[in-house]
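Please open the model in your viewer and keep the selection panel at hand. The stops below can be taken in order, each beginning with something to select.

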Amino acid sequence: MRRWIKTACVFALISCFGHFYLAKRAYQLSAGFAEKSAICQISEKINCDQALLSPYAKIFNFSISDFGFAFNLTLFVLLLFMLKFNLSPYWKNLLFYISGFMALSSVVMSIISLLYHLYCPVCWSLYIFSFIILASLFFALKSNLMSPLNFILTAVKEKSFYFLGVVIFLCAGFLHISFINAYDIKDQNELIFSLLEDWQYEPTVEVPPHHVMEKGNENSPMVLVEFADLLCPACKRTHRPLKKFLKNFPDVKFYFFVYPLDSACNDSISFSRSGLSCELSKALICAKDKSWEFKDYFFKKQEQFISAQGLPKKVTKLMDEIINKTQLNKAQFETCMKKESTSEKVKLSAQAGHQVKIKGTPSFLINGKKLISHDAQLVLLQKIYQYLKSQ
């Protein structure tokens with residue numbers, strides 16, 4: 001029996017660390033402090049951050065991992081007691097059914113993950129661990145186990161059952177408050193609320209239909225518009241969080257406008273640069289159904305493109321690399337780049353930005369109202385989405 005209890009104890013402790021890591025990362029994402037993680041961001045699909053930013057990853061405004069940590073820590077402490085002392089049959093059953101509740105929660109969360117294509121490697125490891133803990137306790141305690149109904153009838157009469165519930169909630173609350181304070185999320189929430197209020201009072205403007213890319217549901221309560229220059233470092237900074245937001249809320253209608261900060265293709269700009277922003281904007285249009293992949297690659301290689309300004313051979317090499325990676329038809333792409341209509345589309349997109357009076361890149365409008373913040377903050381976008389959804 002002790003061997004099975006020790007096994008459960010080890011996996012409960014590992015699960016504590018796993019849930020602590022996920023909780024910490026969830027609050028870092030909310031605060032905008034999360035850096036790239038080798039174990040969390042294996043690929044675009046196998047990615048913890050997508051799951052942690054999902055609306056299903058919170059309960060009572062707590063991260064679900066707060067409760068996962070609290071349950072596993074409680075279980076670990078009780079298992080240590082079991083190794084030292086001979087617990088009563090009630091406490092043995094309580095241990096087993098706590099682990100059963102955790103395993104059932106894992107089933108629910110894994111179903112949600114599959115339905116919404118949220119593949120979090122750390123989460124799935126913890127789901128498996130919860131079943132290892134449950135199986136270990138079953139083999140250790142099977143001679144003492146009550147039926148679920150008998151256990152519930154017994155537990156509701158025990159004060160210790162309610163006391164343990166309070167302890168678990170306080171433990172989750174302590175972790176929640178610790179991370180809120182560590183990352184100044186309270187102050188950030190006040191800023192987010194202020195930005196949300198500013199956005200609500202902004203006048204509504206009509207955005208001309210000259211976008212170069214779009215995705216999402218036409219009937220969405222939220223229509224998000226972005227104006228960006230592909231050589232703009234601030235646009236690159238907002239690209240990843242914006243992409244995460246659109247991944248988590250696929251019904252949002254999103255329109256992307258190019259706004260090159262170069263007078264070569266944008267009459268609103270007084271200064272001339274290398275013309276590369278204009279060329280990249282044209283390339284995005286000519287990529288057609290591969291345009292989203294092109295946009296990702298442009299931002300990924302932004303520094304290389306910036307250093308290649310004024311060096312046509314270097315730019316061509318970088319462009320060829322992207323064409324090969326996206327398996328685009330090079331001949332059709334080059335023909336499209338030479339067309340006057342492609343240049344005209346870039347100019348119309350830039351003119352649309354001038355008409356709505358954007359003051360820099362990136363600039364965002366939501367339902368025709370300007371977002372005062374130039375950063376696509378995940379929390380701010382989520383708050384506005386939830387506000388619009390509730391109207």
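A residue is called buried here when its relative accessible area is under 20%. By that cut-off cysteine 336 is buried, because its relative accessible area is 9%. Please keep in mind throughout that this is a predicted model.

**Stop 1: the disulfides**

Stay with cysteine 336 and add cysteine 286 to the selection: the two form a disulfide, with their sulfur atoms 2.1 Å apart. The link between cysteine 286 and cysteine 336 is left-handed, with -85° about the S-S bond. This pair connects distant parts of the chain, since cysteine 286 sits in helix 10 and cysteine 336 in helix 14 (residues 330-338), 50 residues apart. Cysteine 286 is likewise buried, as its relative accessible area is 4%.

Next, select cysteine 265 and cysteine 278, which also form a disulfide, with 2.1 Å between their sulfur atoms. The torsion about the S-S bond of this pair is about -85°, and the disulfide is therefore left-handed. Because cysteine 265 belongs to the loop between strand 5 and helix 10 (276-286) while cysteine 278 belongs to helix 10, the pair ties together parts that are 13 residues apart in sequence. Both cysteine 265 and cysteine 278 are buried.

Now move to cysteine 120 and cysteine 123, which a disulfide joins with an S to S distance of 2.2 Å. Which hand does this disulfide of cysteine 120 and cysteine 123 have? The torsion about its S-S bond is about 75°, so the disulfide of cysteine 120 and cysteine 123 is right-handed. Cysteine 120 and cysteine 123 are both buried.

A search of the whole structure finds three disulfides, and when the bonded cysteines of the protein chain are numbered in sequence order, the pairing reads 1-2, 3-4, 5-6. To see cysteines outside this pattern, select cysteine 16, which is in no disulfide and whose nearest cysteine sulfur, that of cysteine 171, is 8.1 Å away. Cysteine 16 is buried, with a relative accessible area of 5%. Cysteine 171 is in no disulfide either, the nearest cysteine sulfur to it being that of cysteine 16 at 8.1 Å. Cysteine 171 counts as buried because its relative accessibility is 18%, and buried means under 20%.

**Stop 2: strand 5 and its partners**

Select residues 253-258, which make up strand 5; six of its six residues are buried, so the strand is largely enclosed by the rest of the structure. With side chains displayed, you will find Lys253, Tyr255 and Phe257 pointing one way and Phe254, Phe256 and Val258 the other way, and all are buried.

Then add strand 4 (residues 223-228), which runs parallel to strand 5 and is joined to it by six bridges. One place to look is valine 225, whose bridge partner in strand 5 is tyrosine 255. Following the chain from strand 4 through helix 9 (residues 233-248) to strand 5 traces a β-α-β crossover, which is right-handed.

Add strand 3 (residues 213-215) as well: strand 3 and strand 5 run antiparallel and are joined by three bridges. Here lysine 215 has phenylalanine 254 of strand 5 as its bridge partner.

**Stop 3: strand 6 and the hairpin**

Returning to strand 4, add strand 6, to which strand 4 is joined by four bridges in an antiparallel arrangement. Glutamate 226 has phenylalanine 364 as its bridge partner in strand 6. Both faces of strand 6 (residues 363-366) are covered, with Ser363 and Leu365 on one side, Phe364 and Ile366 on the other, and all of them buried.

Extend the selection to strand 7 (residues 369-370), which pairs with strand 6 in the antiparallel sense over two bridges. Leucine 365 stands opposite lysine 370 of strand 7. Strand 6 and strand 7 form a hairpin with two residues between them, and asparagine 367 in the turn has a positive phi of about 50°.

**Stop 4: the second largest pocket**

Finally, select Ile64, Phe67, Gly68, Ser105 and Met109. Of the 35 residues that line the second largest pocket, these are the closest to its centre. This pocket holds about 760 Å³ of space. Which helix gives the most to its lining? Helix 4 does, with eight residues. By class, the lining has 23 nonpolar, 12 polar and no charged residues.

Notes: Residues are numbered from 1 along each chain as its sequence is written. This is a predicted model: local features need pLDDT of at least 70, side-chain atom pairs count only at pLDDT 80 or more; totals for chains, interfaces and linings use all residues. Side-chain values use heavy atoms; hydrogens and water are left out. Buried means under 20% relative accessible area, exposed over 50%, partly exposed in between (1.4 Å probe, protein chains only). Two strands pair if DSSP finds at least two bridges between them. A crossover is right-handed if, with the strands pointing away from the viewer, the path from the first strand over the helix to the second runs clockwise. A disulfide is a pair of cysteine sulfur atoms within 2.5 Å. On a 1 Å grid over the protein atoms alone, a cavity is a set of points where a 1.4 Å probe fits but cannot get out, and a pocket is an open set with protein on both sides within 12 Å along at least five of seven lines; lining residues have an atom within 4 Å of a point. Grid points are joined across faces, edges and corners, and a volume is the space filled by probe spheres set on the points. Ala, Val, Leu, Ile, Met, Phe, Trp, Tyr, Cys and Pro count as nonpolar, Asp, Glu, Lys and Arg as charged, and the others, Gly among them, as polar.
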